[in-house]
Amino acid sequence: MSLSVSPSELEIMKVLWKRPGTGASEIAEALADRKDWNIRTIKTLLARLVEKGALTTEQDGRRYLYRPAIDKRAYQKSAAGQFVDRVFGGRAAPLVAHLADARGLTNEDIEELEELLGRLKS
């Protein structure tokens, strides 16, 4: 999957991954504390996502309900892969090294990485 989703569209997707089958006004309410978007902006972003195939619609009386057509984990995997390819030449080790330098790794992060590396070596 190679779906390009803008940061604004991703905000909409995050709401719908948590609450599939939601209308535009409910999405606006869910984003009201983080975004100063009017309902027309929300509907424009929804229309783009439907056009891209990221959302499906279902008519409910006079309004539409929106559902993700793509799985959150599949999108994350695809987007992360595209980022690693574009910024780190497809290599994961420089990405992890950069994250460790820039943000630091907690003991929990290190344990998870060690567990992952152990599974990958097996």
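Let me start with Arg67 and Glu58, whose side chains meet in a salt bridge at 3.5 Å, N to O, in what is, I should say at once, a predicted model. That distance falls inside the criterion, which asks for a side-chain nitrogen of Lys or Arg within 4 Å of a carboxyl oxygen of Asp or Glu. As for their surroundings, Arg67 is partly exposed, its relative accessible area being 35%, and Glu58 is likewise partly exposed, with a value of 38%. Elsewhere, salt bridges with shared partners link Glu11, Lys14 and Arg34 into one network. Counted by this rule, there are seven salt bridges.

Let me turn to another of these pairs, Glu9 with Lys52, where the closest N and O atoms are 2.6 Å apart. Since Glu9 sits in helix H1, residues 7-18, and Lys52 in helix H3, residues 39-52, this salt bridge ties together parts of the chain that are 43 residues apart in sequence. Is each partner buried or partly exposed? Glu9 has a relative accessible area of 2%, and so it is classed as buried, whereas Lys52, with a relative accessible area of 38%, is partly exposed.

The next pair is Arg63 and Glu26, which form a salt bridge with their closest N and O atoms 2.8 Å apart. Here Arg63 belongs to strand E3, residues 63-68, while Glu26 belongs to helix H2, residues 24-31, so that the contact between a strand and a helix ties together parts 37 residues apart in sequence. Arg63, at a relative accessible area of 35%, is partly exposed, and Glu26 also counts as partly exposed, at 25% relative accessibility.

Since Glu26 has brought us to helix H2, let me stay with that helix and ask which of its residues are buried. They are Ala24, Ile27, Ala28 and Leu31. Around the helix axis these four cover an arc of only 100 degrees, and therefore they lie on the same side of H2. What do these buried residues pack against? Their packing partners are H1, strand E1 (22-23), H3 and E3.

To put the two parts of the talk side by side, E3 and H2 are tied by the salt bridge between Arg63 and Glu26, and E3 is also among the elements against which the buried residues of H2 pack. In the same way, H1 and H3 are tied by the salt bridge between Glu9 and Lys52, and both helices are among the packing partners of the buried residues of H2.

How values were computed:
Residues are numbered from 1 along each chain as its sequence is written. This is a predicted model: local features need pLDDT of at least 70, side-chain atom pairs count only at pLDDT 80 or more; totals for chains, interfaces and linings use all residues. Side-chain values use heavy atoms; hydrogens and water are left out. Buried means under 20% relative accessible area, exposed over 50%, partly exposed in between (1.4 Å probe, protein chains only). The arc is that of the directions from the helix axis to the C-beta atoms. Contact means heavy atoms within 4.5 Å.
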